[in-house]
Amino acid sequence: MSKLELPVLDQGVCCSPLVREPLGEESAADLARMFKALSDPVRLRLLSLIASHEGGEACVCDLTGPFDVSQPTISHHLKVLREAGLVGSERRGTWVYYWVLPPALAKLSALLQAPATAAGATG
C-alpha cells in the first residue's frame, strides 16, 4: 500500500458529543478502552508516529528508534493500541505494518466536540 487515502466520515453518525446526551454503558466502556490506551505517553507518540508516517502506515522497524524502551515494550504498546481499536496491522514477511483506523479517531473526536454555542461560554 503506497498511498492510503483516509475517508471523510460523517461524525454525526458515530456518536453524540457528551454535552448533547449521556453515554450508554457499552459506548462508555468502548470509549474508555480507547482513552486508556492513549493515556500512556509512549502509546500516544506511537499513534502520532504511525498517523504522520509517509503513506499512512509504518513498519514496526520504523517505530522502535525514537523511544528509549526495548522492542518488546514497543510491541506491547502496539498491541494495546490494536486491541483498543485505534490501529490496524498486517504482517508482511518478517515485519508488521501498522496504520491508524480513521473511524476510531472520528469517534473520539465526535465525542469531545463542543457545540459552537458553548465554545465561548465560561462558567
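On the side of helix α3 opposite its buried face, Pro 41 and Ser 52 are exposed. Here buried denotes under 20% relative accessible area, exposed over 50%, and partly exposed in between, computed with a 1.4 Å probe on protein chains only. The structure is a predicted model, in which local features need pLDDT of at least 70 and side-chain atom pairs count only at pLDDT 80 or more, while totals for chains, interfaces and linings use all residues. Residues are numbered from 1 along each chain as its sequence is written, and side-chain values use heavy atoms, with hydrogens and water left out.

The buried residues of α3 are Val 42, Arg 43, Leu 46, Leu 47 and Ile 50. They lie on the same side of α3, because they cover an arc of only 135 degrees around the axis; the arc is that of the directions from the helix axis to the C-beta atoms.

**Overall architecture**

The chain contains 6 helices and 3 strands, which run α-α-α-β-α-α-β-β-α from the N terminus on. Helices (H or I, at least four residues) and strands (E, at least two) are DSSP runs, numbered from the N terminus. Of the 123 residues in the chain, 31% are buried. Among contacts in the chain with a separation of 6 or more, 64% join residues 24 or more positions apart; contact means heavy atoms within 4.5 Å.

**Helix dimensions**

The table sets out the spans of three helices. The expected span of a helix is 1.5 Å times one less than its number of residues.

| Helix | Number of residues | Expected span | Distance between end C-alpha atoms |
|---|---|---|---|
| α2 | 14 residues | 20 Å | 20 Å |
| α3 | 12 residues | 16 Å | 16 Å |
| α5 | 13 residues | 18 Å | 18 Å |

**Helix α5 and its packing against α3**

In α5, the buried residues are Ile 74, His 77, Leu 78 and Leu 81. Their arc around the axis is only 100 degrees, which puts them on the same side of α5. The face turned away from this buried side carries the exposed residues Pro 72 and Glu 83. The buried residues of α5 pack against α2, α3 (41–52), α4 (60–63), β2 (87–92) and β3 (95–100).

The axes of α3 and α5 come within 10 Å and cross at roughly 75 degrees. Axes are lines fitted to C-alpha atoms, for helices over the stretch in contact, and angles run from 0 to 180 degrees between N-to-C directions. The crossing makes α3 roughly perpendicular to α5, a term for angles of 65 to 115 degrees. On the α3 side, Val 42, Arg 43, Leu 46, Leu 47 and Ile 50 meet Ile 74, His 76, His 77, Leu 78, Val 80 and Leu 81 of α5. By class, this contact has 8 nonpolar, 2 polar and 1 charged residues. Ala, Val, Leu, Ile, Met, Phe, Trp, Tyr, Cys and Pro count as nonpolar, Asp, Glu, Lys and Arg as charged, and the others, Gly among them, as polar.

**Helix α2 and its packing against α6**

The buried residues of α2 are Leu 31, Met 34, Ala 37 and Leu 38. These residues cover an arc of only 120 degrees around the axis, which puts them on the same side of α2. Glu 25 and Lys 36 are exposed on the face turned away from the buried side of α2. The cover over the buried residues of α2 includes α3, α5 and α6.

Helix α2 (residues 25–38) and helix α6 (residues 102–112) pack at an angle of about 100 degrees, with their axes 11 Å apart. That makes α2 roughly perpendicular to α6. Asp 30, Leu 31, Met 34, Phe 35 and Leu 38 in α2 are in contact with Ala 104, Lys 107, Leu 108, Leu 111 and Leu 112 in α6. The contact of α2 with α6 has 8 nonpolar, no polar and 2 charged residues.

**Two loop residues**

Gly 85 is placed in the loop between α5 and β2, where it takes a positive phi of about 85 degrees just after α5. With 26% relative accessibility, Gly 85 counts as partly exposed. Leaving aside neighbours within four places in sequence, Gly 85 is in contact with Leu 101 and Ala 104. The C-alpha atoms of Gly 85 and Ala 37 are separated by 9.5 Å, although these residues are 48 residues apart along the chain.

Pro 66 lies in the loop between α4 and α5 and, at 40% relative accessibility, counts as partly exposed. Not counting residues up to four places away in sequence, Pro 66 touches Arg 45 and Leu 49. Pro 66 and Arg 45 are 21 residues apart along the chain, with 9.4 Å between their C-alpha atoms.

How values were computed. Parallel < 35°, antiparallel > 145°, perpendicular 65-115°, else oblique.
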